[in-house]
Amino acid sequence: MPGMTSEKQSRLLASSCLLFAGEETVETVLVQLIKTGIGRITIVGDSLTICRMSDVSASNSNPDTVVDFRKLNGHDLEDALFKGIDLVIEGLLDWQTKLRLSDLCMRLKLPLVHSGSSGLRFQLFTMLPGKSACLRCALPASGIDDFPITPVERDTFSPVATCAGSIIALEAVKLLAGIGVQQGNVLWKVDGLRGDVETVRGLDPRNDCPDCGRAAIK
Ligand SMILES: [Zn+2]
């Protein structure tokens with residue numbers, strides 16, 4: 001593959017990812033990350049999600065990749081979970097945890113790939129602390145401002161979920177290996193119903209935000 005040197009491949013092998021699971025999208029992310037040879041992937045989710053993801057992991061094993069599992073108890077996000085982690089990916093169904101994860105990643109200066117999907121639509125945002133708006137700022141600026149209090153249904157259409165999952169995996173590999181452009185201030189909205197892809201640009205840190213503004217200063 002152009003740009004994938006042995007040094008960059010070694011970076012992938014040495015990297016650790018946290019994958020917050022829930023949406024169907026994340027199953028494709030896991031398959032692709034295992035194939036690419038990310039060193040360690042820790043799946044975080046509830047019991048049902050972990051059961052589903054362990055089946056996906058078992059049928060796609062790679063001797064170079066360690067996959068392990070952590071049960072997410074309610075909204076519990078301890079700093080210890082993020083120790084030694086290079087990248088966080090989330091396809092959670094609980095919007096309140098998505099937002100709290102954004103706050104936490106900003107504070108710990110960890111890149112976060114956010115995805116949200118519903119039916120034939122999905123959006124993706126790669127948040128780079130210091131270069132990006134946080135989710136609380138980026139989503140309303142992109143016309144997404146409905147953050148349900150309780151977890152949403154898992155209602156993605158498989159062709160859409162696999163498409164979103166593949167793009168997320170690509171973002172992850174680029175970030176971890178250091179290949180290509182990392183914009184950090186761009187959100188993609190894909191509307192499979194209308195057949196439309198929209199790129200929302202200029203999602204920079206906001207000075208008046210306690211989360212992304214502070215990450216940009218330090
Ligand atoms: Zn913000």
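Begin by selecting Ser-16 in this predicted model, and look across to strand 2, where Arg-40 is the bridge partner of Ser-16. The two residues belong to a longer pairing, in which strand 1, residues 16-20, and strand 2, residues 40-45, run in the parallel sense over 5 bridges.

**The sheet as a whole**

Widen the selection to the strands of this sheet, which number 8 and form an open arrangement in the order 3-2-1-4-5-6-7-8, with mixed pairing. At its edges lie strand 3, residues 66-71, and strand 8, residues 196-200, each of which pairs on one side only. If direction is ignored, neighbouring strands of the sheet are turned against each other by 15 degrees on average.

**Strand 4 and its neighbours**

Select residues 87-90 next, which make up strand 4, and show the side chains: Leu-87 and Ile-89 point one way, Val-88 and Glu-90 point the other way, and all of them are buried. Strand 1 and strand 4 pair in the parallel sense over 4 bridges, and within this pairing Leu-19 has Ile-89 in strand 4 as its bridge partner. Turning to strand 5, one finds that strand 4 pairs with it in the parallel sense too, over 3 bridges, and that Ile-89 stands opposite Val-113 there.

**The hairpin at strand 8**

Now move to residues 187-191, which form strand 7 and pair with strand 8 in the antiparallel sense over 5 bridges. Asp-191 is a good residue to centre on, since its bridge partner in strand 8 is Asp-196. The two strands form a hairpin with 4 residues between them, and Gly-195 in the turn has a positive phi of about 70 degrees. Colouring by burial shows that strand 8 is hardly covered, for the count of buried residues among its 5 residues is 0.

**Helix 1 against helix 6**

Select residues 6-13 for helix 1 together with residues 158-177 for helix 6; their axes come within 8 Å and cross at roughly 110 degrees. Helix 1 and helix 6 are therefore roughly perpendicular to each other. To see the contact itself, display Lys-8, Arg-11 and Leu-12 in helix 1, which meet Val-173, Leu-176 and Ala-177 in helix 6. The residues of this contact divide into 4 nonpolar, no polar and 2 charged.

**Helix 2**

Continue to residues 25-36, helix 2, whose 12 residues should span 16 Å at 1.5 Å a residue, and whose end C-alpha atoms are 17 Å apart, which agrees. Of these 12 residues 9 are buried, so helix 2 is largely enclosed by the rest of the structure. To mark the buried positions, select Thr-25, Val-26, Glu-27, Thr-28, Val-29, Leu-30, Gln-32, Leu-33 and Thr-36. Directly after the helix, stop at Gly-37, whose phi is positive, near 90 degrees.

**Three loop residues**

Gly-37 leads to the next stop, as Asp-64 is in contact with Leu-13 and Gly-37, leaving aside its neighbours within four places in sequence. Asp-64 is placed in the loop between helix 3, residues 47-58, and strand 3, and with 13 C-beta neighbours inside 10 Å it counts as partly exposed. A distance drawn from Asp-64 to Thr-156, C-alpha to C-alpha, spans 30 Å, the two being 92 residues apart in sequence.

Go on to Lys-109, found in the loop between helix 4, residues 95-108, and strand 5, residues 112-118. Its phi is near 55 degrees, a positive value in a residue other than glycine. For context, most residues other than glycine have a negative phi. Lys-109 is exposed, with 11 other C-beta atoms within 10 Å.

Finish at Leu-120, in the loop between strand 5 and strand 6, residues 121-127. Leu-120 is partly exposed, with 15 other C-beta atoms within 10 Å. Show its surroundings and, not counting residues up to four places away in sequence, Leu-120 touches Phe-157, Val-160, Gly-192 and Leu-193. A last distance, from Leu-120 to Gly-184, gives 24 Å from C-alpha to C-alpha for residues that are 64 apart in sequence.

Methods: Residues numbered from 1 in each chain as written. Predicted model: local features only at pLDDT ≥ 70, side-chain atom pairs only at ≥ 80, totals over all residues. Pairing = 2+ DSSP bridges. Axes fitted to C-alpha atoms, helices over the stretch in contact; angles between N-to-C directions. Buried ≥ 20, exposed ≤ 12 C-beta atoms within 10 Å, placed from the backbone. Parallel < 35°, antiparallel > 145°, perpendicular 65-115°, else oblique. Contact = placed C-beta atoms within 7 Å. Nonpolar A, V, L, I, M, F, W, Y, C, P; charged D, E, K, R; others polar. Expected span 1.5 Å × (residues − 1).
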